[in-house]
Amino acid sequence: MLLVPALVLLSWPSPADAQFGVFDALARRFSDVSFFGSAGGLLPESDQLRSGTTTSFGVEVLFEIGSIERTLPASVRPDGDAPVDSVRIRWTGMQIIRSEDGVDTVYTYEVEPRPPPPPPTETVWVFELGVGYGQLSGFNARDSSLDLKGSIRSLPFLSLYGSYEPIGVYGGLRSGFMKTEGLQVFDSEGTVFSGDADSFLAGVVLGYAVELLGINVFAEGAYMVRDFPSVEWDGGPLPAGIPREMSLSGWTLGGGIQFSVGD
């Protein structure tokens, strides 16, 4: 629900964008693309699943939806305390005057007030909307007589980030649609059971980003809620240990690289 206002803000065209449409407005806000990977575990662990170490990877594109700036103090401004003329003199004409004493040339000028230049600013907060794809694997059935294979895909997921630019720290909320991919269980006799489930994920992200050699490198921790209340299985009578529902909620620690593609 928190992502709905961000989507409205992102797609709402300004008067200048109205003639180009929503897609042009999106393209104007397209700022970065990120590639990430992470590892973690289930917490709390499920009664029917064991995690070992779960791994995930994915890609995300970012759209800048807003920012907050502040005026730099005079002590750190590029111009420092350099004086600025408060008026501007504009030449308006020339007149030649002849008299008994001779010829004289008179120049006329007009004095105009000069508005002070706006003080320089720096960006403090940047707000971005991320649209991405991710995949999680590395879980198994708690019953050792069963071998559970498969992965969880999130396509798409949406993230709303707020970045505090002076120190490179950011936080965010994430939500999206998730679905099992290639979910199968093999019992001790080699019988195969195919499963299918879908649900929604939700979670929080906290990270740190720094620029190295022109590329943004980031490290982040996250906790995601991934609950599948029902799994549909095919293949005949189900073994006692096969999970009828799956909870893959847990934490991850990871990182990645981010490329700027905006202006």
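The following paragraphs lead the reader through an internal cavity and a nonpolar surface patch of this predicted model.

The interior is considered first. A search of the whole structure returns one cavity of 30 Å³ or more. The largest cavity holds about 260 Å³ of space, and its lining is formed by 22 residues. Of these lining residues, Phe 36, Ser 38, Ser 56, Arg 174 and Arg 226 lie nearest the centre of the cavity. Several strands give two or more residues to this lining, namely β1 (30-42), β3 (54-71), β6 (121-137), β8 (147-164), β12 (215-228) and β15 (250-260). Strand β12 gives the most, with six residues. In chemical character, the lining of the largest cavity divides into 10 polar, nine nonpolar and three charged residues.

Attention now turns to the surface. There, Val 87, Ile 89, Trp 91, Met 94, Tyr 107, Tyr 109 and Val 111 make a nonpolar patch of about 790 Å². Two strands, β4 (87-99) and β5 (102-113), each supply at least two residues of the patch, and β4 gives the most to it, with four residues.

Ile 89 illustrates how a residue is assigned to the surface. This residue is found in strand β4 and is one of the members of the nonpolar patch. Its relative accessible area is 61%; because the exposed class begins over 50%, Ile 89 is classed as exposed. The value also lies over the 30% relative accessible area asked of patch residues.

Notes:
Residues are numbered from 1 along each chain as its sequence is written. This is a predicted model: local features need pLDDT of at least 70, side-chain atom pairs count only at pLDDT 80 or more; totals for chains, interfaces and linings use all residues. Side-chain values use heavy atoms; hydrogens and water are left out. On a 1 Å grid over the protein atoms alone, a cavity is a set of points where a 1.4 Å probe fits but cannot get out, and a pocket is an open set with protein on both sides within 12 Å along at least five of seven lines; lining residues have an atom within 4 Å of a point. Grid points are joined across faces, edges and corners, and a volume is the space filled by probe spheres set on the points. Ala, Val, Leu, Ile, Met, Phe, Trp, Tyr, Cys and Pro count as nonpolar, Asp, Glu, Lys and Arg as charged, and the others, Gly among them, as polar. Patches are made of residues with over 30% relative accessible area and no salt bridge: like charges are joined within 9 Å, nonpolar side chains (Val, Leu, Ile, Met, Phe, Trp, Tyr) within 5 Å. Accessible areas come from the Shrake-Rupley method with a 1.4 Å probe; for residues, only the protein chains shown count as cover. A salt bridge is a side-chain nitrogen of Lys or Arg within 4 Å of a carboxyl oxygen of Asp or Glu. Buried means under 20% relative accessible area, exposed over 50%, partly exposed in between (1.4 Å probe, protein chains only).
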